[in-house]
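The following note sets out comments on the structure shown below. The points are numbered for ease of reply.

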Amino acid sequence: AYPYYTLYEGTERVAAVFQQEARYSALKAVHDELREEIRSRLPPVEERPSFGYMNVNWWGSFDTATIMRANAPGYQNKVFRDLEFDDSNNAFADIIPDYEWSTQVDFEGLLEADPEIIVWRNGYNFLTGVDFNGKQLDWETGIVGQLESDTIAGELQAVKNGRVLPG
């Protein structure tokens with residue numbers, strides 16, 4: 001086993017190796033200030049909408065989803081941990097087994113949870129227009145359009161209300 005470092009623990013160690021501690025400290029200060037500014041603008045947890053963090057099975061028929069805990073370990077979830085997301089408003093919290101960070105469900109399972117907002121894991125890849133293999137991607141047709149046109153996913157309140165967001 002090896003130690004799991006947070007982004008800042010790892011960055012601080014690299015900064016020490018390259019004798020760039022001052023640059024690290026400046027970067028961390030900007031990050032901390034921005035994080036606190038954003039946190040200060042968030043409504044209380046009980047007033048926040050329900051959300052679902054997910055994507056679909058790309059190798060299948062686009063009819064099963066991987067639903068996740070937003071506060072799971074890993075760099076892709078750091079923004080959620082920074083903003084102190086937990087299962088309080090996670091529409092999928094009761095579906096994901098307690099000992100897991102994610103699970104697979106069909107679209108009927110999504111509809112049972114019916115989150116007010118869907119945050120699409122790795123959705124930012126669609127905003128760049130190309131994936132890591134050079135394949136053309138489009139957020140509106142590649143994700144939102146497919147959800148809207150699906151007879152089950154199209155019934156999700158997040159889809160109906162235009163609240164499917166790239167994450």
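What separates Lys-78 and Asp-82 in helix H3?

1. The model under review is predicted. In helix H3, Lys-78 and Asp-82 are 4 residues apart, which places about one helical turn between them. An α-helix has 3.6 residues a turn, so residues three or four places apart point the same way. The two residues form a salt bridge, with 2.5 Å between the closest N and O atoms. Both Lys-78 and Asp-82 are buried; the relative accessibility of Asp-82 is 15%.

2. Asp-82 also pairs with Arg-35, the closest N and O atoms here being 3.8 Å apart. This second salt bridge links distant parts of the chain, since Arg-35 belongs to helix H2 (residues 21-41) and Asp-82 to helix H3 (residues 78-82), 47 residues apart. Arg-35, Lys-78 and Asp-82 are members of a salt-bridge network that further includes Lys-28, Asp-32, Glu-36, Arg-39 and Glu-84. Over the whole structure, the search finds 10 salt bridges.

3. Helix H2 also holds the pair Glu-37 and Arg-41, whose side chains meet in a salt bridge at 2.6 Å, N to O. These residues, too, are 4 residues apart and separated by about one helical turn. Glu-37 is partly exposed, at 36% relative accessible area, while Arg-41 is exposed, at 65%.

4. Helix H6 (residues 139-149) has Trp-139, Gly-142, Ile-143, Val-144 and Leu-147 as its buried residues. Viewed down the axis of H6, they fall within an arc of 150 degrees and therefore line one face of the helix. Glu-140, Thr-141 and Ser-149, on the other side of H6, are exposed. The packing partners of the buried residues are helix H4 (107-113), strand S4 (117-120), helix H5 (124-128), helix H7 (157-160) and strand S5 (164-166).

5. The largest nonpolar core comprises 23 residues, and those with the most contacts inside it are Met-54, Phe-107, Leu-110, Ile-118, Trp-120 and Leu-147. Two or more residues each come from strand S1 (51-56), strand S2 (64-68), H4, S4, H6 and H7. H6 supplies the largest share of this core, 4 residues. Apart from this core lies another, of 7 residues, including Phe-51, Met-68, Ala-70 and Val-119. In soluble globular proteins, nonpolar side chains tend to be buried together.

6. Leu-147 merits inspection in the viewer. Residues up to four places away in sequence being left out, Leu-147 touches Phe-62, Phe-107, Trp-120, Ala-153, Gly-154, Val-159 and Val-164.

Definitions and conventions
Residues are numbered from 1 along each chain as its sequence is written. This is a predicted model: local features need pLDDT of at least 70, side-chain atom pairs count only at pLDDT 80 or more; totals for chains, interfaces and linings use all residues. Side-chain values use heavy atoms; hydrogens and water are left out. Buried means under 20% relative accessible area, exposed over 50%, partly exposed in between (1.4 Å probe, protein chains only). The arc is that of the directions from the helix axis to the C-beta atoms. Contact means heavy atoms within 4.5 Å. A nonpolar core is a set of buried Ala, Val, Leu, Ile, Met, Phe, Trp, Tyr and Cys residues joined through side-chain atoms within 4.5 Å. A salt bridge is a side-chain nitrogen of Lys or Arg within 4 Å of a carboxyl oxygen of Asp or Glu.
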